[in-house]
Structures are given as structure tokens and as C-alpha cells.
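Me: I have a chain open on screen and want to go through it quickly. Can we take it question by question?
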Amino acid sequence: MGKFVIRETNTGIKFDLKATNGQVIATSEVYESAAACKNGIASVQKNAPAAAVEDQTAEGYAEEKHPKFEMYLDKAGEYRFRLKATNGQVIAVSEGYKSKDSCENGIESVKKNAPDAEIVEE
């Protein structure tokens with residue numbers, strides 16, 4: 001089972017969602033407080049399982065309603081995703097993936113791991 005790891009940064013507090021194997025599959029923005037960070041985690045847990053996938057790498061892609069995962073190509077040509085909540089706020093982002101399949105696997109991993117992931121503070 002995955003876990004959310006809350007940690008302090010130089011500028012605030014953020015979380016990483018880690019898969020069972022310890023790989024980081026999604027990360028958050030930097031929050032000002034632990035309470036705000038935990039609200040972000042709750043939002044990922046609530047929104048991820050039902051979120052549609054909007055493949056922005058496909059020509060003429062269909063726009064999905066929120067909550068949704070947006071899959072896109074970054075400036076380096078790598079595949080990434082961001083999870084947006086029902087209000088359109090970005091609540092988690094991925095690392096860069098070399099292949100579209102790997103990015104899709106990352107999305108599935110967030111959908112699977114987020115709802116029941118334990119929350120750990122470092």
C-alpha cells in the first residue's frame with residue numbers, strides 16, 4: 001500500500017505520494033502549514049479515484065470535467081500529469097516520464113494508492 005509522506009522544505013510543508021515500492025508517484029505544492037498540507041492530501045484521496053484522464057498529448061483531445069488528471073508533454077518532451085480537484089485547483093503533480101505508457105501507469109498508481117494510503121510525517 002502507498003503512503004503520503006509529509007516533509008518540511010525551506011519554504012513550507014509538502015507531501016509526496018509514494019507507491020508500495022517507495023517510488024514517488026505524485027507530489028504537492030508547498031503549503032504554509034501542516035493543516036493545509038493535510039487538507040491537500042484529503043483532496044487527493046477524495047478526487048483521484050474518480051478523476052477522468054484528459055490526454056492533452058492527443059490531437060483534438062476531449063476536455064474532461066473536474067476532477068481530472070491532465071496528461072501533457074513538458075518542455076523537455078517528457079510526459080507528466082497533474083491532478084486537478086473539482087474546483088480546478090492543481091493538487092498533485094508527477095515527475096517526468098520518458099513514455100506515455102509510464103505516465104498512464106503513474107496515474108493508475110495514484111488512483112489505486114491514494115485513497116487508503118497512510119499519512120507519515122518525516
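Reply: Yes. Start with a serine, and bear in mind that this is a predicted model. S109 has a relative accessible area of 16% and is buried.

Me: Which helix holds S109?
Reply: S109 is a buried residue. Leaving aside neighbours within four places in sequence, its contacts are A19, I25 and A114. The helix holding S109 spans residues 100-113 and is α2.

Me: Is N47 buried or exposed?
Reply: N47 lies in helix α1, residues 34-47. The cut-off for buried is under 20% relative accessible area. N47 has 3% relative accessibility, so N47 counts as buried.

Me: Which residues is N47 in contact with, leaving aside neighbours within four places in sequence?
Reply: Contact here means heavy atoms within 4.5 Å. One partner is a proline in the loop between β4 (52-55) and β5 (68-73), namely P67. With that proline included, the contacts of N47 are P67, A85, T86 and I91.

Me: What is the peptide bond from H66 to P67, cis or trans?
Reply: Most peptide bonds are trans. The bond from H66 to P67 has omega near 0 degrees. That bond is cis.

Me: What is the order of elements from the N terminus on?
Reply: The chain has two helices and eight strands. Three strands come before the α1 position in the order, and the run ends on a strand. Written out, it is β-β-β-α-β-β-β-β-α-β.

Me: How many bridges pair β1 and β2?
Reply: Strand β1 covers residues 3-8. A hairpin of four residues joins β1 to β2. The two strands pair in the antiparallel sense, and the number of bridges is six.

Me: Which residue in β2 is the bridge partner of R7?
Reply: β1 and β2 are antiparallel. K3 of β1 stands opposite K18 in β2. For R7, the bridge partner in β2 is K14.

Me: Why is β2 largely enclosed by the rest of the structure?
Reply: β2 covers residues 13-18. It pairs with β1 over six bridges, and three bridges join it to β3. The enclosure follows from burial, because the buried residues of β2 number five of the six.

Me: Which residue takes a positive phi in the hairpin of β2 and β3?
Reply: β2 and β3 (residues 24-27) run antiparallel. K18 has V24 as its bridge partner in β3. Most residues other than glycine have a negative phi. The hairpin has five residues between the strands, and the one with a phi near 90 degrees is G22.

Me: Which residue in β8 is the bridge partner of K3?
Reply: K3 lies in β1. Four bridges join β1 to β8 (residues 118-121), and these strands run parallel. Not counting residues up to four places away in sequence, K3 touches D16, L17, K18, A117, E118 and V120. The bridge partner in β8 is E118.

Me: What is the relative accessible area of K3?
Reply: Buried means under 20% and exposed means over 50%. K3 falls in between, so it is partly exposed. Its relative accessible area is 33%.

Me: What separates the C-alpha atoms of K3 and Q56?
Reply: K3 belongs to strand β1. Q56 is 53 residues apart from K3 along the chain. Their C-alpha atoms are separated by 28 Å.

Me: What radius of gyration does the chain have?
Reply: The C-alpha atoms fill a box of roughly 40 × 30 × 30 Å along the principal axes. With 122 residues, a compact globule would come out near 14 Å. The chain agrees, at 14 Å.

Me: What share of the chain's residues count as buried?
Reply: The accessible surface comes to about 6,800 Å², and 45% of it belongs to carbon and sulfur atoms. N47 is one buried residue, and S109 is also buried. Of the 122 residues, the buried share is 42%.

Me: How far apart lie the centres of the positive and negative side chains?
Reply: The chain has 16 positive side chains and 20 negative ones. Each set has its own centre. The two centres lie apart by 1 Å.

Key
Residues are numbered from 1 along each chain as its sequence is written. This is a predicted model: local features need pLDDT of at least 70, side-chain atom pairs count only at pLDDT 80 or more; totals for chains, interfaces and linings use all residues. Side-chain values use heavy atoms; hydrogens and water are left out. Buried means under 20% relative accessible area, exposed over 50%, partly exposed in between (1.4 Å probe, protein chains only). Two strands pair if DSSP finds at least two bridges between them. The radius of gyration is taken over C-alpha atoms; the globule rule is 2.2 Å times the number of residues to the power 0.38. Accessible areas come from the Shrake-Rupley method with a 1.4 Å probe; for residues, only the protein chains shown count as cover. Lys and Arg count as positive and Asp and Glu as negative; His and the chain ends are not counted. The place of a charge is taken as NZ of Lys, CZ of Arg, CG of Asp or CD of Glu.
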